[in-house]
Amino acid sequence: MSSVAQTGPDPDYMPYLEAPSAPAFVAPEGAVDAHCHVFGPADKFPFSPRRKYTPVDAAAETLFALRDHLGLSRNVIVQATCHGSDNAAMLDAIARSDGRARGVAVVDADVSAAELRALHEGGVRGVRFNFLKRLVGNAPKDDYVRIAELVADLGWHIVVYFESAELEELAPFITALPGTIVIDHMGRPEVGDGLNGPGFAQVLKLMESDPRFWIKVSCPERLSVAGPPYDDVVPFARHLVEHFPDRVLWGTDWPHPNMVSHMPDEGKLVDMIPKIAPTEALQRKLLIDNPMRLYWPEEVGA
Ligand code: 0GY
């Protein structure tokens with residue numbers, strides 16, 4: 001399988017696959033990829049000078065072609081650290097999606113109400129708070145509190161990205177945030193610890209104790225110890241889907257930024273869906289009902 005020629009300034013992670021396989025699993029009509037990214041092109045949308053990695057260019061049209069190839073209908077484009085708080089590439093992609101993409105932004109604490117309103121009009125429905133030291137250093141918690149207050153007025157949700165080992169310490173802060181909170185990548189449990197490991201137990205405790213929390217069953221490629229086809233991650237995702245069927249989201253994480261071990265085949269990621277959501281009813285919630293409620297509420301009367 002070939003991969004994409006690298007473009008842009010010195011990409012320092014692997015390029016995505018140019019020709020991912022066609023999935024065997026046929027997603028229900030209207031399925032949403034609720035976690036993916038667009039990057040650059042760097043000459044038009046420069047990367048942040050403070051970025052911790054340089055991505056390959058990953059254009060909107062390539063994302064939309066992948067969406068169609070995988071049998072999906074919509075995308076939620078999440079702002080990644082390599083673009084900092086400059087959401088222009090994401091907004092450009094949303095504007096060119098014919099209403100089939102929405103976004104999760106990163107903003108600075110001094111963002112104005114007018115700037116937030118413009119982001120909302122551009123299709124943004126959430127803000128992302130990153131807590132990973134390797135990506136943002138020390139998380140600016142005071143800024144996050146101020147931003148959370150500002151976006152609450154717009155009805156946005158907050159996406160939080162952390163590793164489960166840090167959750168016990170972070171939980172008081174995260175649970176004090178207002179509104180709906182979406183956890184990225186299953187809270188990044190240590191898969192080698194098994195389903196009863198301490199980090200995943202913290203994630204489950206949060207999900208069980210506070211119905212404001214949602215979770216993405218995404219990124220098996222980052223979590224797996226065994227590698228493709230990521231069977232060791234399936235029990236974690238399936239547990240979440242079966243226990244919290246109305247609060248789970250799924251996404252490809254294309255173009256898999258900052259992955260250095262291997263590049264996943266998105267067709268195979270789609271083929272994991274029936275393993276983690278074994279019934280049609282669970283698949284519909286995971287792929288359509290839940291993301292539509294969060295990102296296109298006006299279309300579903302939510
Ligand atoms: C992801 C995961 C990663 C990167 C980012 O914002 C980012 O740069 O989220 C990662 O390095 O784990 O969701 O794309």
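**Notebook: strands, a loop and a charged patch**

I began with one pair of residues: Asn130 has Tyr161 of strand S5 opposite it. I keep in mind throughout that this is a predicted model.

Next I looked up the strands behind that pair. Strand S4 covers residues 124-130, and five bridges join S4 to S5 in a parallel run. On to S6: how many bridges pair S5 with strand S6? I found three, again in the parallel sense, with S6 spanning residues 181-183. Here Val160 is the residue that faces Ile183 of S6.

**Is S5 covered or open?**

I then checked how well S5 is covered. Strand S5 takes in residues 157-161, and five of its five residues are buried. Which residues lie on each side of S5? One face carries His157, Val159 and Tyr161, the other Ile158 and Val160, and both faces are covered. So Tyr161, which I met opposite Asn130, is counted as buried because its relative accessible area falls under the 20% cut-off.

**The whole sheet**

I stepped back to see where these strands belong. Eight strands make up an open sheet, ordered S1-S2-S3-S4-S5-S6-S7-S8, with parallel pairing. Which strands stand at the edges? They are S1 (32-36) and S8 (248-249); each has a single partner strand, so one side of each has no neighbour in the sheet. A reminder to myself: strands of a sheet pair through backbone hydrogen bonds.

I followed the S1 edge a little further. Strand S2 holds residues 74-78, and three bridges join S1 to S2, running parallel. Val32 has Arg74 in S2 as its bridge partner.

**A loop and a helix**

My next stop was Val111, which sits in the loop between strand S3 (101-105) and helix H3. Buried or exposed? Val111 is buried, and its relative accessible area is 9%. I also noted how far Val111 is from Met207: they are 96 residues apart in sequence, and 30 Å separates them in space, C-alpha to C-alpha.

Helix H3 itself spans residues 113-121 and includes Glu115. For Glu115 I read a relative accessible area of 44%, which makes this residue partly exposed.

**A patch of charge**

Last, I asked which residues gather with Glu115 on the surface. They are Asp108, Asp110, Asp142 and Asp143, and with Glu115 they form a patch of negative charge. Why can Glu115 belong to a patch? Its 44% relative accessible area is over the 30% that a patch residue needs.

Notes:
Residues are numbered from 1 along each chain as its sequence is written. This is a predicted model: local features need pLDDT of at least 70, side-chain atom pairs count only at pLDDT 80 or more; totals for chains, interfaces and linings use all residues. Side-chain values use heavy atoms; hydrogens and water are left out. Patches are made of residues with over 30% relative accessible area and no salt bridge: like charges are joined within 9 Å, nonpolar side chains (Val, Leu, Ile, Met, Phe, Trp, Tyr) within 5 Å. Accessible areas come from the Shrake-Rupley method with a 1.4 Å probe; for residues, only the protein chains shown count as cover. A salt bridge is a side-chain nitrogen of Lys or Arg within 4 Å of a carboxyl oxygen of Asp or Glu. Lys and Arg count as positive and Asp and Glu as negative; His and the chain ends are not counted. The place of a charge is taken as NZ of Lys, CZ of Arg, CG of Asp or CD of Glu. Helices (H or I, at least four residues) and strands (E, at least two) are DSSP runs, numbered from the N terminus. Buried means under 20% relative accessible area, exposed over 50%, partly exposed in between (1.4 Å probe, protein chains only). Two strands pair if DSSP finds at least two bridges between them.
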